[in-house]
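Hi,

Here is the structure I promised to pass on. Have a look at it first, and my notes follow underneath.

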Number of protein chains: 4
Amino acid sequence: MDLTKLGLAEKERKILEAAIDVFSEKGFSGATTNEIAKRAGVAEGTIFRYFKTKKDLLRGILIQMLNLLGEPVIMEGVRKILLQSEEKEMRRILKALILDRMELINSVFPMVRIVITEALYHEDIRDAFFQNVLAKGIEIFSIFHQQMVVRGMIRPDVDPLAMGRSIVGNIALFVIFRRFFAEKFSPTDMERDLDQVIDIIMFGIAGEASREQK
Amino acid sequence: MDLTKLGLAEKERKILEAAIDVFSEKGFSGATTNEIAKRAGVAEGTIFRYFKTKKDLLRGILIQMLNLLGEPVIMEGVRKILLQSEEKEMRRILKALILDRMELINSVFPMVRIVITEALYHEDIRDAFFQNVLAKGIEIFSIFHQQMVVRGMIRPDVDPLAMGRSIVGNIALFVIFRRFFAEKFSPTDMERDLDQVIDIIMFGIAGEASREQK
Amino acid sequence: MDLTKLGLAEKERKILEAAIDVFSEKGFSGATTNEIAKRAGVAEGTIFRYFKTKKDLLRGILIQMLNLLGEPVIMEGVRKILLQSEEKEMRRILKALILDRMELINSVFPMVRIVITEALYHEDIRDAFFQNVLAKGIEIFSIFHQQMVVRGMIRPDVDPLAMGRSIVGNIALFVIFRRFFAEKFSPTDMERDLDQVIDIIMFGIAGEASREQK
Amino acid sequence: MDLTKLGLAEKERKILEAAIDVFSEKGFSGATTNEIAKRAGVAEGTIFRYFKTKKDLLRGILIQMLNLLGEPVIMEGVRKILLQSEEKEMRRILKALILDRMELINSVFPMVRIVITEALYHEDIRDAFFQNVLAKGIEIFSIFHQQMVVRGMIRPDVDPLAMGRSIVGNIALFVIFRRFFAEKFSPTDMERDLDQVIDIIMFGIAGEASREQK
DNA sequence: TATGAATGAGAATTCATTCAT
DNA sequence: GATGAATGAATTCTCATTCAT
């Protein structure tokens, strides 16, 4: 997570970075300002020059993440892949999307963890998440859906929101399994595993008998 | 979450129930033993007769949930619907499954929240979750897959694990949206929304053009 | 420390014995009634049937020790050796005394530890100790002194109290060294070490030059 | 006990001084950090800035006493009197020694009490006491013994360790009696009492008859 | 009598926050 | 601005004592 661009004072940036680390490792209440100060290489008092309270520091992180970074960093990849791609085959588009998301999640995992935890407990965080990330994602998926339907690559009768949810859900579970439970399974070929996911997203799981009922 | 069956002392049960509530509302570090005691209607010291430390109380909750309730409560519904159902049509089976899961999640949402939060931060919790819930779920999905493949209702070339992941991912996102973001959207008919999800799970999102490439 | 003789209820005796153990190991404040109860094999509440408070239990121990056992057990050996001995040689008398005291101290070390610790902090304990142990010891030493002076075996010009103090002081340091610091020194022959102590008690440390000055 | 010299922060010194007082009065477990803080005139939390735990505070006291003060303060007097004294008469040397020790013990009695109590219960304290105090005392006594033997003022056939033990034992009992039990006896002239002790240390208690047997 | 669950006052310890330097 | 020592309210945990059974 690169905070260098923003117009932040050197110390403020270091504090934010350290706070992201520590909050992510220990959770908000589990983290101490003392440890954050140490990791940031500043005095404990300095934290409170930039952030009135510890809660404020958390808010600062989430604001930085959602408002400033939300669109450009988090959504840029999705936009490029889904909308600007020259790629004609949907299979390849989805593959690119998944790989891109996995890379992103790995690079900002500490922040994701903070957002998930906080979003589970606070509605205002959920709201901010919705406005800054979800709404934009939905918009992108809608356009993508539209374009693809025109090209006949996506069924016209699926709702774009339902489609987006499904794609995200598939990716999410795939990522969770690989990050947290990979070692529990015989080491499967990532490529083939990915192909399965895409195959299911595209064609579903139904067999011939089910298709006839349709 | 019904803890009455287990052979717990009256007070122990009340403490566990109160702890689930408070941990779920405030997170582990944010919760205080003082508040738990008050909600349980016992003296603070009483908590420590049953649970040596606050951490132990959390462990107690997770153990209760994962070990004792994991299989019977959490998996029973899945097993019944997927394996014992007389239902011939897969669409109906999935519908029953989703409705059942939504009901369960609503009834144990506090616990789910605790488990998710803790699992994000502690590997041992993830391990326990894997052994007590995931592994069993995977097993059930495998049997279901086998049976359905025989009947031609599920494609023989999808991996059972990938299939399970996909189903769970679709349901998860559906549930998350309805629980946390429902109000953001024009009030959609739940029935129709559900049908969309199932439709996608079964037949995927690909349009005619994509299918030809296959 | 044998408490069986006293007219104590079975449980009361077991509680006292356990309390001596635990107080001796952990000190008064460091000991818990819970542990005492466990070691005594009784319920925690039972302790408070016999002793109104924890302090009372300590008092009980000290009373048992000082009042009831003080004279008979602790002083009996001294009396026998010093007064009733047929032994003519003082060297042998002292040797018997020291060996007897070492044996006693080893057998009641837990209690000695409690008494020393408590006596350091509470005057009432010191008073009780004085009346029950010291006063009697002084009396015995006085009689011993008198008898020995008559026989010419002790200098007539030493004060009996000073003599007693000196003997006890010599023995005490000897015992302390052997119990707590023995391993720090090359393993010396106990017999010879003892002879040195007795030699010094009897003839002092002064050399010829010093004796002339006298 | 003067802690001003050591390079301690003002507050740290006050805490240590207060802790010595309170531990000495109530024992380790009986003392509370609350009271120590009050007496030191600092907030309770401040104690834990300097000492991680209450146990650590005790350790701090013992370290201060044994390591830093052990040799210089405790042993300096002994060294001067025993080794550097111009005094030719042993009687006067011993008298000076005893008076010096009594003064020391009175001035550091709180600390002595803590050390004795803790040494009775913990081997590591005994070890530290041995290394920092006892070992040095023994060394000094050995040199003293050597010098005095050469001058004919101490018998060549007494072991220096036994000699030291005896002197210390005599002084200890004398000091204990005067501090704790003085009022129990008719008010004796301290000077004469002291002379008795010295007389016994030097010439022992044996009468003519016993000396012949020798 | 004996029990041991329950109590709650009190203890040690933590930590966000302040403020003099 | 920056520091970090000091604070003290809040928190976890302990344990002597009570009391219904």
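Let's start at the DNA: a phosphate oxygen of DNA strand E is 3.5 Å from an N or O atom in the side chain of Lys11(C). Before going further, please keep in mind that this is a predicted model, in which local features need pLDDT of at least 70, side-chain atom pairs count only at pLDDT 80 or more, and totals for chains, interfaces and linings use all residues. As for bookkeeping, residues are numbered from 1 along each chain as its sequence is written, chains are lettered from A and ligands numbered from 1 in the order in which they are written, and side-chain values use heavy atoms, with hydrogens and water left out.

Back to strand E. Tyr50(B) has a side-chain N or O atom 2.3 Å from a phosphate oxygen of the strand, and for Thr33(D) a polar side-chain atom lies 2.8 Å from a phosphate oxygen. Helix H3 (44-50) of chain A gives two or more residues to the surface near the strand, and so does helix H3 (44-50) in each of chains B, C and D. (Helices are DSSP runs of H or I with at least four residues, numbered from the N terminus.)

Which residues come nearest to strand E? Of the 30 around it, they are Thr33(A), Thr46(B), Arg49(B), Tyr50(B) and Thr46(C); "near" asks for a heavy atom within 4 Å. Of the strand's atoms within 4 Å of the protein, 67% belong to sugar or phosphate and the rest to bases.

Now for chains A and B. Their contact (heavy atoms within 4.5 Å) takes 66 residues from chain B and 66 residues from chain A. The area buried between them is about 5,800 Å², with carbon and sulfur atoms giving 63%; buried area is the accessible area (1.4 Å probe) that two parts lose on being put together, summed over both. Tyr121(B), Arg165(B) and Ile205(B) supply 14% of what chain B buries against chain A, more than any other three residues.

There are also six salt bridges between chain B and chain A, each a side-chain nitrogen of Lys or Arg within 4 Å of a carboxyl oxygen of Asp or Glu. Asp127(A) forms a salt bridge with Lys184(B), where the closest N and O atoms are 2.9 Å apart. On the side of chain B that touches chain A, six helices each supply at least two residues, among them H1 (10-26) and H9 (190-203). H8(B) gives the most, with 14 residues.

Cheers

Key:
A polar contact is a pair of N or O atoms within 3.5 Å; within protein, one must be able to donate a hydrogen and the other to accept it, and residues adjacent in sequence count only if both atoms are side-chain atoms.
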